[in-house]
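Please examine the sequence and the structure shown below. The explanation that follows considers first the pairing of strands and then the packing of helices.

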Amino acid sequence: MSYQIQATADTPALIIYLLDISGSMTLEFEGRRRMDVLNEALRTAIRQMVYRSTKGSRLSPRYRISILAYSDEVYDLLDGVKSIDRISNSSNLPELYPRRFTDTAKAFRQAEKILQSELPNLRDCPAPLVCHITDGVYTGEDPEPVAERIKAMSVADGNVLIENIFMTDEAGVGRIKDIKAWGGMMPDSFAADPYTEKLKRMSSVLPESYRELMVESAYSIRRGALMMLPGTSSDLISLGFQMSASTPVKTFI
């Protein structure tokens, strides 16, 4: 599968964000609440998509976004899938407030329902992407079987992509000092933490077209790296959200 179809107004890219808002998101992370770091990274990703969709004063609807926050329930923050021109003012994004549990499987099932509804209209569009950020082990059912079903869905451009950002102090991989020089998490990368291993299995391989865009931004992600970020710093979390928005786009001329 090539993952070469460009996001345009006629062939927009669909991105579904799954955001863990369990109670642990109130814990401190680099002097701030984890929830505040997540909010900032999401807004930065939205601004990046706006920038990549704008020429002069014209904002092209190259992206379609769904934002699902979850704890023991799933909360549709945009009330459906919205185009980037509808949510271009990031100040209008709902604030996220921590709740109780972490029913990750329920969130992935909701993403699966959205994809089942959207895929018939996306045959000529870039492969959709589900970007999941969490800070701890799930409660309830195992989300991995649902993630595997999602990854088996496809359009002409390729299978649906899943990215995972594990927001934690260590994620079992140690501290990454220079994110620009970091080669990414490979399928055989060691991770002592069992949940990191599960999230690795749930993650897609980063498409080469995405990787090339990140290399252009001076990152050193290697071929074959997973769409899996150990969110041990706010910079790595921001990188994860940038990765989610790295769909190929046609350059304005």
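In this predicted model, strand β9 (residues 129-134) and strand β12 (residues 161-167) run parallel and are paired through six bridges. Within this pairing, Val130 has Ile162 of β12 as its bridge partner. Strand β9 also pairs with strand β1 (residues 13-20), again in the parallel sense, and five bridges join these two strands. Here Leu18 is matched with His132 of β9.

The surroundings of β9 deserve attention next. In a regular strand, side chains point alternately to one face of the sheet and to the other. In β9, one side carries Leu129, Cys131 and Ile133, while the other carries Val130, His132 and Thr134. Residues on both sides are buried, and both faces of the strand are therefore covered. Because six of the six residues of β9 are buried, that is, under 20% relative accessible area, the strand is largely enclosed by the rest of the structure.

The helices offer a second example of packing. Two packed helices are described by the angle between their axes and by the distance separating those axes. For helix α3 (residues 144-152) and helix α4 (residues 194-202), the angle is about 20 degrees and the axes lie 9 Å apart. Angles under 35 degrees count as roughly parallel, and α3 and α4 are therefore roughly parallel to each other. On the α3 side, the contact involves Glu144, Ala147, Glu148 and Lys151, which meet Lys198, Arg201 and Met202 of α4. Sorted by class, this contact comprises five charged and two nonpolar residues, with no polar ones.

Methods:
Residues are numbered from 1 along each chain as its sequence is written. This is a predicted model: local features need pLDDT of at least 70, side-chain atom pairs count only at pLDDT 80 or more; totals for chains, interfaces and linings use all residues. Side-chain values use heavy atoms; hydrogens and water are left out. Buried means under 20% relative accessible area, exposed over 50%, partly exposed in between (1.4 Å probe, protein chains only). Helices (H or I, at least four residues) and strands (E, at least two) are DSSP runs, numbered from the N terminus. Two strands pair if DSSP finds at least two bridges between them. Axes are lines fitted to C-alpha atoms, for helices over the stretch in contact, and angles run from 0 to 180 degrees between N-to-C directions. Angles under 35 degrees count as roughly parallel, over 145 as roughly antiparallel, 65 to 115 as roughly perpendicular and the rest as oblique. Contact means heavy atoms within 4.5 Å. Ala, Val, Leu, Ile, Met, Phe, Trp, Tyr, Cys and Pro count as nonpolar, Asp, Glu, Lys and Arg as charged, and the others, Gly among them, as polar.
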